[in-house]
Amino acid sequence: MDKDWDTSTWIDAKTLPDEAWSEAWRAVDEPLRARLKTALAALCQVYAPAAPPSERQERIVRQGLVLTRTSRPLDWALVLFDGECSAAQVLAAAAPARLMGVPRVMAARIDGDFPDDVLCGLELAGVEEAYALSADEGARLAGHLFATGPGILLGVGDSNGLDKGLSAAPRDSVWQGRAPDGALPAGLHLGPGQEGVWGWPGLGPERFLSVSWALEAQEPKQEE
């Protein structure tokens, strides 16, 4: 881990080693890997075209003022998940952050071990940092991250431990996905060959952008 980003050492002991990723990849059979790849390809179709570069827009308003809108990807995203979710559901939270240009995307399993298929999906999505944490440790990591810059906490699941980890974040910087019982979420339509695809309603591209506004006086035009 980059020590300039995190000067603490406790998180190092919670980081999944490279061997865990390798073992998980070998443990997942090819048909399941193919389904995860299909799910990732579908997410790419949704989020990649919507990923804007950092941009600045200016609009002249009344009374000689200029309204400036600046947007850029968030600095980081942390996916907290529990045992009440599938690999496709975790992938549908982590992959959009990567596709929207968030430079640091992490995943943490709360109160349990990482399932092999979840690790495989995260590796396919390009996530390289994963931690096995308690609920208190999840809240501690989230609190540290919010002190470093703008980001988002993505919760996948519905356990008390997960809720505790999410409680450390500002309300407007938290998103939580709960899988419904016995029904597909609104807006999710599956077709032949897409049975393993999952998309989270409400997790739009704009959730991964940091947007700021400024109102300034318009500079007077120079006479020629």
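Student: Let's start with the parts list: how many helices and strands does the protein have?
Tutor: Keep in mind that this is a predicted model. Reading from the N terminus, the elements go α-α-β-β-β-α-β-α-β-α-β-α-β-β. Tally up that string and you get six helices and eight strands.

Student: Which order do the five strands of the open sheet take?
Tutor: Work outward from β4, which pairs with β5 in the parallel sense over five bridges. On β4's other pairing, six bridges join it to β3, and these two also run parallel. Put the five strands of the open sheet together, with parallel pairing, and the order reads β5-β4-β3-β6-β7.

Student: Which strands stand at the edges of that sheet?
Tutor: Look at the ends of the order β5-β4-β3-β6-β7. A strand there has a single partner, so one of its sides is left without a neighbour in the sheet. That picks out β5 and β7 (174-177).

Student: By how many degrees are neighbouring strands of this sheet turned against each other on average?
Tutor: Here you ignore strand direction and just take the angle between neighbours. Averaged over this sheet, the turn comes to 20 degrees.

Student: How does the chain get from β3 to β4, and what is the handedness of that β-α-β unit?
Tutor: The piece between the two strands is helix α3 (residues 87-99). That helix lies across β3, β4, β6 (151-156) and β7, and runs at about 175 degrees to β3. The β-α-β unit made by β3, α3 and β4 is right-handed.

Student: Moving on from β4 to β5, which helix does the chain cross through?
Tutor: β5 covers residues 129-133 and pairs with β4. The crossover between them is another β-α-β one, and it is right-handed. Its helix spans residues 116-125, and that's α4.

Student: How many residues of strand β4 are buried?
Tutor: In a regular strand the side chains alternate between the two faces of the sheet. In β4, R104, M106, A108 and I110 point one way, while V105, A107 and R109 point the other way, and all are buried. For residues 104-110, then, the count is seven of seven.

Student: A107 sits in that strand; which residue is its bridge partner in β5, and which one does it face in β3?
Tutor: Take the two sides in turn. In β5, the bridge partner of A107 is A130, and A107's neighbour in the strand, A108, stands opposite Y131. On the β3 side, the residue opposite A107 is V79.

Student: What kind of aromatic pair do F81 and F114 form?
Tutor: The structure holds four aromatic pairs, so let's check the geometry of this one: the ring centres are 5.3 Å apart and the planes stand at 75 degrees. Planes over 60 degrees apart put a pair in one particular class. That makes F81 and F114 edge-to-face.

Student: How many residues apart in sequence are the parts tied together by that pair?
Tutor: F81 lies in strand β3, whereas F114 is in the loop between β4 and α4. Both partners are buried: F81 has a relative accessible area of 1%, and F114 has 12%. The parts they tie together are separated in sequence by 33 residues.

Student: Which tryptophans form one aromatic cluster?
Tutor: Begin with the edge-to-face pair of W175 and W200, at 5.4 Å centre to centre with 70 degrees between the planes. W175 lies in strand β7 and W200 in the loop between β7 and β8 (209-217), so the pair ties together parts that are 25 residues apart in sequence. Both of these residues are buried. Add one further ring and the cluster is W175, W198 and W200.

Student: L74 is in a loop, so is it buried or exposed?
Tutor: Its loop runs between β2 (65-73) and β3 (76-81). L74 touches a whole set of residues from elsewhere in the sequence, including V102, P150, I152 and F208. Its relative accessible area is 5%, and with the cut-off at under 20% L74 counts as buried.

Student: How far apart in space are L74 and S210, C-alpha to C-alpha?
Tutor: S210 is one of the residues that L74 touches. In sequence the two are 136 residues apart, yet in space the C-alpha to C-alpha distance is 5.3 Å.

Student: Zooming out, what share of the protein's 224 residues counts as buried?
Tutor: For context, the accessible surface comes to about 12100 Å², and 49% of that belongs to carbon and sulfur atoms. Across the 224 residues, the buried share is 42%.

Notes: Residues are numbered from 1 along each chain as its sequence is written. This is a predicted model: local features need pLDDT of at least 70, side-chain atom pairs count only at pLDDT 80 or more; totals for chains, interfaces and linings use all residues. Side-chain values use heavy atoms; hydrogens and water are left out. Helices (H or I, at least four residues) and strands (E, at least two) are DSSP runs, numbered from the N terminus. Buried means under 20% relative accessible area, exposed over 50%, partly exposed in between (1.4 Å probe, protein chains only). Contact means heavy atoms within 4.5 Å. Two strands pair if DSSP finds at least two bridges between them. A crossover is right-handed if, with the strands pointing away from the viewer, the path from the first strand over the helix to the second runs clockwise. Accessible areas come from the Shrake-Rupley method with a 1.4 Å probe; for residues, only the protein chains shown count as cover. Axes are lines fitted to C-alpha atoms, for helices over the stretch in contact, and angles run from 0 to 180 degrees between N-to-C directions. Rings of Phe, Tyr and Trp (its six-membered ring) pair if their centres lie within 6.5 Å; planes under 30 degrees apart count as stacked, over 60 as edge-to-face and the rest as tilted. Lists of a residue's contacts leave out its neighbours within four places in sequence.
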